[in-house]
Amino acid sequence: LATSAVYCGEGYSVTLQSSLQHSLVHERLLRHIGSEVAWLECFEGQDEAFRQHAMSLVESGLSPATVGLPHDVSAHCAPHSFSLAVKMLTELSNSRCPQEKLRCILRAWDAILGVLALCTDSLSADDFLPAMAFALAMGCPPQLASDVCTVVNFSHREDFEEMWLFHFIAACGLMAQLDCAVEATDAPASIWT
């Protein structure tokens, strides 16, 4: 922090220091609140609704092609291709503080983008949002809505982290809109159509 004051000037250093202290206080306070305490629950069972929908998607034979991944990308992906992202998302509910939850989300994005980079030369939202929706469904996080609320309301984020959190929320919405009866041939070429 002292070296950043030399390079960035007095005003920025004070703002950065205040922001870091605020984040540290939140993190330490929320670490002391045990994960067994339901201190932030979403309204009217949204967590359970997301979990039940994800389980029904998996039971209906969800595949990368059925979530809306473009055919040229889904042809290179097996259902286990996103297993590392699924693992990161299952750790989301076990994380005790918002910063840890944010790190789980960002690691899941890293895993998704790594797989997709092997399948296509040019990534777009048509590729990575359905892939994250697939990983979310496969992972069936038990407290997805509450975890998202926790990260949005209590984590300290940089600009790029804010962007990937926004995309994560969009992927949650996409997963919630997936139909269990959709066939791979019925999937639209783009999620935006």
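**Exercise 1. Confidence and overall make-up**

Task: State the average pLDDT of this predicted model and locate stretches where the pLDDT is below 50.

Solution. The model is predicted, and the protein averages a pLDDT of 79, with 71% of the residues scoring at least 70. Over residues 1-14 the pLDDT is below 50, and this stretch has eight contacts beyond near neighbours in sequence. Residues 184-193 also have a pLDDT below 50; here the model shows 16 contacts beyond near neighbours in sequence. Where pLDDT is low, the predicted coordinates should not be read in detail.

Task: Which secondary structure elements does the protein contain, and how many?

Solution. The count is nine helices and zero strands. Read from the N terminus, the order is α-α-α-α-α-α-α-α-α. Of the 193 residues, 43% are buried. Among contacts with a separation of 6 or more, 77% join residues 24 or more positions apart.

**Exercise 2. Helices α6 and α9**

Task: Describe each helix, then classify the crossing of α6 and α9 as parallel or perpendicular.

Solution. Step one takes α6. This helix has 22 residues and spans 32 Å from its first C-alpha to its last, close to the 32 Å expected at 1.5 Å a residue. Its cover is extensive in that 16 of the 22 residues are buried.

Step two takes α9. With 19 residues, α9 reaches 27 Å between its end C-alpha atoms, close to the 27 Å expected. The buried residues of α9 include Trp-164, Leu-165, Phe-168, Ala-171 and Cys-172. The buried residues of α9 pack against α3, α5, α6, α7 and α8.

Step three concerns the angle. Two packed helices are described by the angle between their axes and the distance between the axes. For α6 (residues 98-119) and α9 (residues 159-177), the axes come within 10 Å and cross at roughly 80°. Therefore α6 is roughly perpendicular to α9, since angles of 65 to 115 degrees are placed in that class.

Step four lists the contact. On the α6 side are Leu-102, Ile-105, Leu-106, Trp-109 and Leu-113; on the α9 side are Glu-161, Trp-164, Leu-165, His-167 and Phe-168. The residues of this contact divide into eight nonpolar, one polar and one charged.

**Exercise 3. Two loop residues**

Task: Place Leu-69 in the fold and decide whether Leu-69 is buried or exposed.

Solution. Leu-69 sits in the loop between α3 (46-59) and α4 (71-74). Its relative accessibility is 4%, so Leu-69 counts as buried. Not counting residues up to four places away in sequence, Leu-69 touches Pro-64, Ser-74, Phe-82, Leu-116, Asp-126, Asp-127, Pro-130 and Ala-131. Its C-alpha is separated by 9.8 Å from that of Ala-125, 56 residues apart along the chain.

Task: What is the sign of phi at Cys-140, and where does this residue lie?

Solution. Phi of Cys-140 is near 45°, a positive value in a residue other than glycine. Most residues other than glycine have a negative phi. Cys-140 belongs to the loop between α7 (125-139) and α8 (144-154). Because its relative accessibility is 16%, Cys-140 counts as buried.

**Exercise 4. A residue of α5**

Task: Which accessibility class applies to Ser-83?

Solution. Ser-83 is found in helix α5. At 45% relative accessibility, Ser-83 counts as partly exposed. The C-alpha atoms of Ser-83 and Ala-135 are 7.5 Å apart, while the two residues are 52 residues apart along the chain.

How values were computed
Residues numbered from 1 in each chain as written. Predicted model: local features only at pLDDT ≥ 70, side-chain atom pairs only at ≥ 80, totals over all residues. Heavy atoms only, no water. Axes fitted to C-alpha atoms, helices over the stretch in contact; angles between N-to-C directions. Helix = DSSP H or I, 4+ residues; strand = E, 2+ residues; numbered from the N terminus. Parallel < 35°, antiparallel > 145°, perpendicular 65-115°, else oblique. Contact = heavy atoms within 4.5 Å. Nonpolar A, V, L, I, M, F, W, Y, C, P; charged D, E, K, R; others polar. Buried < 20%, exposed > 50% of the residue type's maximum accessible area, 1.4 Å probe, protein only. pLDDT = per-residue confidence, 0-100. Expected span 1.5 Å × (residues − 1).
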